[in-house]
Amino acid sequence: MIELDDAIAKIRTQIATADLARQRGQKPIDPDWFHRARTALRHLRRERAELLAQGTGRRRREKLKDALIGILRERHDPETWDGILAEAQARSEREGL
């Protein structure tokens with residue numbers, strides 16, 4: 001995420017610098033370059049948004065798992081809970097989790 005933010009900031013700075021040069025009358029902005037820069041910026045922003053959305057989904061799943069574990073733990077005696085926990089750990093090791 002930090003790398004994406006840095007890349008977005010770099011492109012925004014380049015666009016702003018080109019615009020300032022244009023405003024000073026030094027040279028016009030190359031339309032092809034401007035289009036490529038804006039397209040790259042749009043793609044980076046979309047990638048960032050997708051990463052943020054994935055993180056939100058993970059947090060929801062983690063909260064659901066925590067709630068499920070809490071309910072199961074409350075409903076089972078300590079011996080049964082230990083057996084369930086051991087079975088889950090064995091399964092996760094078998095599946096390489």
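# Exercises on a three-helix model

Of the 97 residues in the protein, 13% count as buried. The model is predicted.

## Exercise 1: Overall form

Task: State how many helices and strands the protein has, and in what pattern they follow the sequence.

Solution.
1. Count the elements: the protein has 3 helices and 0 strands.
2. Read along the sequence: the pattern is α-α-α.

## Exercise 2: Spread in space

Task: Set the radius of gyration of the protein against that of a compact globule of 97 residues.

Solution.
1. Start with the reference: a compact globule of 97 residues would have a radius of gyration near 13 Å.
2. Take the value for this protein, which is 25 Å.
3. Add the box: along the principal axes, the C-alpha atoms fill roughly 80 × 25 × 15 Å.
4. Turn to the surface: the protein exposes about 8,400 Å², and carbon and sulfur atoms supply 54% of that area.

## Exercise 3: The nonpolar core

Task: Find which residues make up the largest nonpolar core, and which helix gives the most to this core.

Solution.
1. List the members: the 7 residues are L4, I8, I11, I15, A37, L41 and L44.
2. Assign them to elements: α1, spanning 2-23, and α2, spanning 31-75, each supply at least two residues of this core.
3. Compare the contributions: α1 gives the most, with 4 residues.
4. Look at one member, I15. Leaving out residues up to four places away in sequence, I15 touches W33, F34, A37, R38 and L41.

## Exercise 4: Contacts along the chain

Task: Among contacts with a separation of 6 or more, find what share comes from residues 24 or more positions apart.

Solution.
1. Keep the contacts in the protein with a separation of 6 or more.
2. Within that set, residues 24 or more positions apart account for 57%.

## Exercise 5: Three residues

Task: For A9, D5 and D30, decide whether each is buried, partly exposed or exposed, and give a C-alpha distance to a second residue.

Solution.
1. Fix the cut-offs: buried means under 20% relative accessible area, exposed means over 50%, and partly exposed is in between.
2. Place A9 in helix α1. A9 has a relative accessible area of 39%, so A9 is partly exposed. Its C-alpha atom is 9.1 Å from that of L41, and the two are 32 residues apart along the chain.
3. Place D5 in helix α1. The relative accessibility of D5 is 29%, so D5 counts as partly exposed. D5 and R45 are 40 residues apart in sequence, and 8.6 Å apart from C-alpha to C-alpha.
4. Place D30 in the loop between α1 and α2. D30 has 39% relative accessibility, so D30 counts as partly exposed. From C-alpha to C-alpha, D30 and R46 are 24 Å apart, with their positions 16 residues apart in sequence counted as a separation.

## Exercise 6: Charges

Task: State how far apart the mean positions of the positive and negative charges are.

Solution.
1. Count the charges: the protein has 21 positive and 17 negative ones.
2. Take the mean position of each set: the two are 11 Å apart.

Technical notes: Residues are numbered from 1 along each chain as its sequence is written. This is a predicted model: local features need pLDDT of at least 70, side-chain atom pairs count only at pLDDT 80 or more; totals for chains, interfaces and linings use all residues. Side-chain values use heavy atoms; hydrogens and water are left out. A nonpolar core is a set of buried Ala, Val, Leu, Ile, Met, Phe, Trp, Tyr and Cys residues joined through side-chain atoms within 4.5 Å. Buried means under 20% relative accessible area, exposed over 50%, partly exposed in between (1.4 Å probe, protein chains only). Contact means heavy atoms within 4.5 Å. The radius of gyration is taken over C-alpha atoms; the globule rule is 2.2 Å times the number of residues to the power 0.38. Accessible areas come from the Shrake-Rupley method with a 1.4 Å probe; for residues, only the protein chains shown count as cover. Lys and Arg count as positive and Asp and Glu as negative; His and the chain ends are not counted. The place of a charge is taken as NZ of Lys, CZ of Arg, CG of Asp or CD of Glu.
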